[in-house]
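The following exercises concern charged side-chain pairs and their exposure to solvent. Please work through each task before reading its solution.

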Amino acid sequence: MTGVAVCSGSVSSIKSLWETRIKKTKQDLQKQQEQRAGVGRVRHNWEDRIILAKLKEKVVTEEGRVILRIEKEEWKTLPRALVHFPQLMEWQLHRVGLQTIPRFISSFENLLVLDLSRNAITEIPKEIGKLTRLRELLVSYNRVQSVPEELGCCENLEKLELAMNRDLDELPSEISNLKKLCHLDLSMNQFTEIPESVVSLPALEWLDMGGNRLQSLPHDIHRMEKLHTMWLQRNELEFLPDNICYMRSLDTLVLSNNKLHDIPSMMEDMNNLRFVNFRDNPLTYEVELPADPKKSEEDEDDREMFGRDFMRVYCQEARKRVNAMLNMHRVNPPESYYTSELNVTLEAVAESAPSL
């Protein structure tokens, strides 16, 4: 009996000792995990402090504006720690390899200028629509393929640049809601027409759509009443709509390197047109500017380059040639000829009419 009792006591002791060891091991593991988590938090906080310190070096104040300026460094993404600078009014990030515009961009309600040109951005997030104070959005020389309709909510936007985004070929209709937009650069993309939303912009003054694939201009292009500068070089335009003549504010028009065969004759009366360029178009008529003894050789070069005088001479020459062709085929018989012809026609009608 005594041996059995001793054996039972030994088993109980061993079990108790084992349970104690297991408990201690669990406690040690928990402490280690807590220590690692603590180290992770410290490391994370330390990294945040390093990032914040680095970002703080990039924040400058110029003319009363708080600006984040990063150039020629590697920043493929922007850290969320940036939200600690809600006072930022401008972002100027050039050639940093940025691939995405962070969705927390909506946190920067004070932003006036967002300049992210010359990066690798593929998308403009819909959160951009939260920036109702934004005046300039510059995303040229990126890889943007589409523009979100929410951009139409940026009611104070005055300048939008989307040049050289390769596959960009359309804009949402909501762009027409940008009532203050006066500067628009869509050059070097894949547009085949000027979007209706662009024609409908009421305040647009400057438009660059050079280097696209435009085949024609909208018939109602004259609706852009405030437009004074239009760049359309290196497209596929074959003709110009007559209503272009009613763009009274237009003073600069560049149409070089297209497929134009003629110039609308009414453009001769566009007295506000200060600069125009029709170079490198297969125009029907070859014309030369008459020499002006009052102008120097340098002035003559300017006349040829600007093309304004050339346009007027071309319109005059085209009108002359059309009138000459009409006169060549026109017959002016005496009045008695029309009278006799009328009598013959009436007699023929009478003979062919059925008797009543």
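**Exercises on salt bridges**

In this predicted model, lysine 159 has a relative accessibility of 25% and counts as partly exposed.

**Exercise 1.** Determine which salt bridge the side chain of lysine 159 forms, and whether glutamate 161 is buried or exposed.

*Solution.*
1. Lysine 159 and glutamate 161 meet through their side chains in a salt bridge, with an N to O distance of 3.8 Å.
2. The cut-off for a salt bridge is 4 Å, so a value of 3.8 Å satisfies the criterion.
3. Glutamate 161 has a relative accessible area of 17% and is buried, because the term applies under 20%.

**Exercise 2.** Identify the residues that are linked with Arg103 in a network of salt bridges.

*Solution.*
1. Arginine 103 pairs with glutamate 123 in a salt bridge of 3.7 Å, N to O.
2. Arginine 103 lies in the loop between strand 3 (90-94) and strand 4 (113-115), and glutamate 123 in the loop between strand 4 and strand 5 (136-138), so this pair ties together parts that are 20 residues apart in sequence.
3. Arginine 103 also forms a salt bridge with glutamate 127, whose closest N and O atoms are 3.1 Å apart.
4. Glutamate 127 lies in the loop between strand 4 and strand 5, and its pairing with arginine 103 links distant parts of the chain, 24 residues apart.
5. Arg103, Glu123 and Glu127 are thus linked in a network.

**Exercise 3.** Classify arginine 103, glutamate 123 and glutamate 127 by accessibility.

*Solution.*
1. Arginine 103, at 46%, is partly exposed.
2. Glutamate 123, at 43%, is partly exposed.
3. Glutamate 127, at 19%, counts as buried.

How values were computed
Residues numbered from 1 in each chain as written. Predicted model: local features only at pLDDT ≥ 70, side-chain atom pairs only at ≥ 80, totals over all residues. Heavy atoms only, no water. Helix = DSSP H or I, 4+ residues; strand = E, 2+ residues; numbered from the N terminus. Buried < 20%, exposed > 50% of the residue type's maximum accessible area, 1.4 Å probe, protein only.
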